[in-house]
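Here are some short exercises to work through with the structure open beside you. Try each task yourself before you read the solution.

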Amino acid sequence: MNKQIALYSVEQFDGMRQAGRLAALTLDYITPFVVPGVTTGKLDALMEEFMRDHGAIPATLGYRGYPKASCISANHIVCHGIPGDKVLYDGDIVNIDITPILNGWYGDSSRMYYVGTPSVKAKRVVECAFHAMWAGINQAQIGNTMGDIGYAIEACAAKERFSVVEDFCGHGVGQAFHLLPNVLNYGNKGEGMTIQEGMIFTVEPMVNIGGPDTLVLSDGWTAITKDRTLSAQFEHTIGITKDGPEIFTLSPAGYDYPPYIPQKSIQTK
Ligand code: MF3
Ligand code: CO
Ligand code: CO
């Protein structure tokens, strides 16, 4: 059982701690630039420079032909939005997802940002996605199953009468970008693979105000909600320990939950 799933040692966890921290620092760094009038291409360029300055390579660049250092997905874009000339406007909600490779280890994380002031509806879906991610992470305990994670995520969305996207899932991660296990954002308690010490994977639910269905645009990447309703996502990379899940991608600046209020200055090097 679980034969194909890598289990990582304490030393290997340290590689993930560093890569995860850099992912979080990059998302912290970009925060003050996410304002009305900025282009997604500008944000991408700044983050690419930051990751390279800290000794990392952006994993998305050239991944299956993907052209940029980040995914930036606004409003009804579910995920894999390609940065470019698109301007962000007051009231937009936007997910920024990055994966620096540091010393061979992949740290994968995303957060939602408010561009200016969000609508009440937009705030609700962002808050729901955040709580859904944490509900999933809290189930990531030795002896629980993957279905426990999916069930907890789905229950969070259902409580708000929102839906979770079924077309994308979390994934094992480590010295490659996308590994087993698949971490589905729905499921039944007690079903699926058993969670073991040393597993490393992402929890990254996408929550839609409307239905769960998605479409991929003709660029081959950008996934949108089929009904064009707003979508939100958060993502952490975690490792399973005896003491529960260790979150590799926590924000050193405390930017866990938008709006992000500057608190302390962080030494990044
Ligand atoms: N970072 C995304 C994830 O969470 C994957 C992006 S792949 C890309 O798994 F090619 F679209 F960049
Ligand atoms: Co991921
Ligand atoms: Co990601």
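**Exercise 1. The contacts of ligand 1**

Find which oxygen contacts ligand 1 makes with the side chain of H178, then look at H171 and E204 in the same way.

Solution. Keep in mind that this is a predicted model.
- Step 1: start with H178, where an N or O atom of the side chain is 2.8 Å from an oxygen atom of ligand 1.
- Step 2: turn to E204, which has a polar side-chain atom 2.9 Å from an oxygen atom of the ligand.
- Step 3: go on to H171, whose side chain places an N or O atom 3.0 Å from an oxygen atom of ligand 1.
- Step 4: consider the cover as well: on its own ligand 1 has 340 Å² of accessible area, and the protein covers 97% of it.

**Exercise 2. The surroundings of ligand 1**

Describe where ligand 1 sits and which residues are around it.

Solution.
- Step 1: locate the site, and you will find ligand 1 in the largest pocket.
- Step 2: list the neighbours; there are 14 residues around the ligand, and T60, H171, H178, E204 and E235 come nearest.
- Step 3: sort the shell by character, which gives 5 nonpolar, 5 polar and 4 charged residues.

**Exercise 3. The cobalt ion (ligand 2)**

Name the protein donors of the cobalt ion (ligand 2) and work out why its arrangement is called irregular.

Solution.
- Step 1: pick out the protein donors, D108 (OD), H171 (NE2), E204 (OE) and E235 (OE), at 2.0 to 2.2 Å.
- Step 2: read their spacing along the chain, D-x62-H-x32-E-x30-E.
- Step 3: recall the ideal: six octahedral donors would have angles of 90 or 180 degrees.
- Step 4: check the angles; the 6 donor atoms around the cobalt ion (ligand 2) subtend 52 to 160°, so the arrangement is irregular.

**Exercise 4. The cobalt ion (ligand 3)**

Repeat the analysis for the cobalt ion (ligand 3), and find which residue coordinates both cobalt ions.

Solution.
- Step 1: the protein donors here are D97, which is listed with OD twice, D108 (OD) and E235 (OE), lying 2.1 to 2.4 Å from the ion.
- Step 2: in sequence, the donor residues follow D-x10-D-x126-E.
- Step 3: the 6 donor atoms around the cobalt ion (ligand 3) subtend angles of 58 to 165°, and therefore this arrangement is irregular.
- Step 4: link the two sites: the cobalt ions (ligand 2 and ligand 3) are 3.3 Å apart, and D108 coordinates both.

Methods: Residues numbered from 1 in each chain as written. Chains lettered and ligands numbered in written order. Predicted model: local features only at pLDDT ≥ 70, side-chain atom pairs only at ≥ 80, totals over all residues. Heavy atoms only, no water. Near = heavy atom within 4 Å. Polar contact = N/O pair within 3.5 Å; in protein donor to acceptor, adjacent residues only side chain to side chain. Areas by Shrake-Rupley, 256 points an atom, 1.4 Å probe, with all protein chains shown as cover. 1 Å grid on protein atoms, 1.4 Å probe; cavity = no way out; pocket = protein on both sides within 12 Å on 5 of 7 lines; lining within 4 Å. Sits in = over half its atoms within 2 Å of the grid points. Nonpolar A, V, L, I, M, F, W, Y, C, P; charged D, E, K, R; others polar. Donors = N, O, S within 2.8 Å, 3.2 Å for Na, K, Ca; no water. Tetrahedral: all angles 85-135°; square planar, octahedral: opposite > 155°, others 65-115°.
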